[in-house]
Amino acid sequence: MAAEDKYRSFLQDEPGQKIQWRHGGPPTYDSVNELFEEGRTKEWPKGSLEETVQNAIKSWEMELSHKTRLQDFKTINPDKFKLIVNGKEGLPAEETLAVGSYNALLKSSLPGEFQFYKAEEESFESSHEAFRSAFPRGFAWEVLNVYSGPPLITFKFRHWGFFEGPFKGHAHTGEKVEFYGLGTLKVDESLRAEDVEIYYDPAELFGGLLKGSPISESEKEDSNSTATTQGCPFSKKI
């Protein structure tokens, strides 16, 4: 059984329940928790609304990335759930689970030649591997402010990591990459998410990731070999 995580709930099977985990077992978050604690700008009081919202979203992201069946989710209402990003059409729960959090958040309506990242060409696995490679210590996330409480929670957030591995043919720079955004979270009486609406500028993220110099084919092979031997399929990003 996985050790309890102080920022995420629902990491263990409940009595009589057998969760289907994407990688065979619950993930561990030791590395990204360390990154989060070293780099956060806010430390919210235990039990505060801000801490509750922050941990709820971390738990939702964990389930989305590591559980393969909606029936195992505890953080959302699967019958009503929609993820809306930058005003685009909302994705229902099944589609969000199928494409993965990165593809859902990074899908763009721009013409292909202007896209920083082509979500339609990425699978769940390839998208997660791309960002796991770029941010080997994880991609930390924090709540900066909460402006309203349930049932419609409004918040500001920050996402950051250190670009210490290759990304899409670009060498790492070692620099901190971060972006900010706003979100709303509509919850039911059990605090399960029904609508998650996120607004942010993807250029803030990709401006840092595309600064690295292009990698040669031989360097790509070396990077892929390193990622294969060192990557941990049980770790996740926020």
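**Close-up views of the predicted model**

**Figure 1. Glu122 and its partner Lys168.** Glu122 is buried, its relative accessible area being 17% and the limit for that class 20%. The model shown here and in the views that follow is predicted. Glu122 forms a salt bridge with Lys168, and the closest N and O atoms of the two are 2.3 Å apart. Glu122 sits in the loop between α4 and α5 and Lys168 in the loop between β4 and β5, so the bridge ties together parts that are 46 residues apart in sequence. Lys168, with a relative accessible area of 45%, is partly exposed. The backbone of Lys168 has a positive phi of about 50°, although the residue is not a glycine.

**Figure 2. Overview of the chain.** Seven helices and six strands make up the secondary structure. Their order along the sequence is α-α-β-β-α-α-α-β-β-β-β-α-α. The chain has 238 residues, of which 45% count as buried. Among contacts in the chain with a separation of 6 or more, 66% are between residues 24 or more positions apart. The accessible surface is about 12,000 Å², and carbon and sulfur atoms account for 51% of this area.

**Figure 3. Stacking of Tyr102 and Phe131.** The structure has 16 aromatic pairs. In the pair of Tyr102 and Phe131, the ring centres are 4.4 Å apart and the planes stand at 10°, so the rings are stacked. Tyr102 belongs to helix α4 (residues 101-106) and Phe131 to helix α5 (residues 124-134); the pair thus links distant parts of the chain, 29 residues apart. Tyr102 is buried at 8% relative accessibility. Phe131 is also buried, with a relative accessible area of 0%.

**Figure 4. Trp141, Phe157 and the aromatic cluster.** At 3% relative accessibility, Phe157 is buried, and Trp141 is buried at 5%. How far apart are the ring centres of the aromatic pair Trp141 and Phe157, and what is the angle between the planes? The centres are 5.8 Å apart and the planes differ by 25°; the pair is stacked. Because Trp141 lies in strand β3 (residues 140-148) and Phe157 in strand β4 (residues 152-162), the pair ties together parts that are 16 residues apart in sequence. Both residues belong to one aromatic cluster with Phe135, Phe139, Phe155, Phe179 and Tyr200.

**Figure 5. Phe139 in the loop between α5 and β3.** Phe139 is placed in the loop between α5 and β3 and is buried, with a relative accessible area of 3%. The C-alpha atoms of Phe139 and Phe162 are separated by 7.8 Å, with their positions 23 residues apart along the chain. Phe139 is one of the members of the aromatic cluster that includes Phe135 and Tyr200.

**Figure 6. Charged side chains over aromatic faces.** Arg22 lies over the face of Phe124, at 3.7 Å from the ring centre. Lys58 lies over the face of Phe36, and here the distance from the ring centre is 4.2 Å.

**Figure 7. Further salt bridges.** Side chains of opposite charge can pair when their charged atoms come close. The structure holds 13 salt bridges. In one of them, Glu37 pairs with Lys6, and the closest N and O atoms are 2.9 Å apart. This pair links distant parts of the chain, 31 residues apart: Glu37 is in helix α1 (residues 30-39) and Lys6 in the segment before α1. Glu37 is partly exposed at 31% relative accessible area, whereas Lys6 is exposed at 58%. Asp72 forms a salt bridge with Arg69, with 3.0 Å between the closest N and O atoms. Asp72 is buried, its relative accessible area being 2%. Glu142, Arg158 and Glu178 are linked in a network of salt bridges.

**Figure 8. Backbone geometry at Pro151 and Asn86.** Most residues other than glycine have a negative phi, and most peptide bonds are trans. The peptide bond that joins Pro150 and Pro151 is cis, with omega about 15°. Pro151 is in the loop between β3 and β4. Asn86 is not a glycine, yet has a positive phi of about 50°. Asn86 is located in the loop between β1 (82-85) and β2 (91-92) and is partly exposed, with a relative accessible area of 29%.

**Figure 9. A nonpolar surface patch.** Which residues form a nonpolar patch on the surface? Tyr147, Leu182 and Tyr199 do, and together they have about 320 Å² of accessible area. Tyr199 lies in strand β6 (residues 193-200). At 38% relative accessibility, Tyr199 is partly exposed.

Note on methods
Residues numbered from 1 in each chain as written. Predicted model: local features only at pLDDT ≥ 70, side-chain atom pairs only at ≥ 80, totals over all residues. Heavy atoms only, no water. Helix = DSSP H or I, 4+ residues; strand = E, 2+ residues; numbered from the N terminus. Buried < 20%, exposed > 50% of the residue type's maximum accessible area, 1.4 Å probe, protein only. Contact = heavy atoms within 4.5 Å. Areas by Shrake-Rupley, 256 points an atom, 1.4 Å probe, with all protein chains shown as cover. Patch = residues over 30% accessible without salt bridge, like charges linked within 9 Å, V, L, I, M, F, W, Y side chains within 5 Å. Salt bridge = Lys/Arg side-chain N within 4 Å of Asp/Glu carboxyl O. Phe/Tyr/Trp six-rings, centres within 6.5 Å; stacked < 30°, edge-to-face > 60°. Lys NZ or Arg CZ within 6 Å of the ring centre and 35° of its normal.
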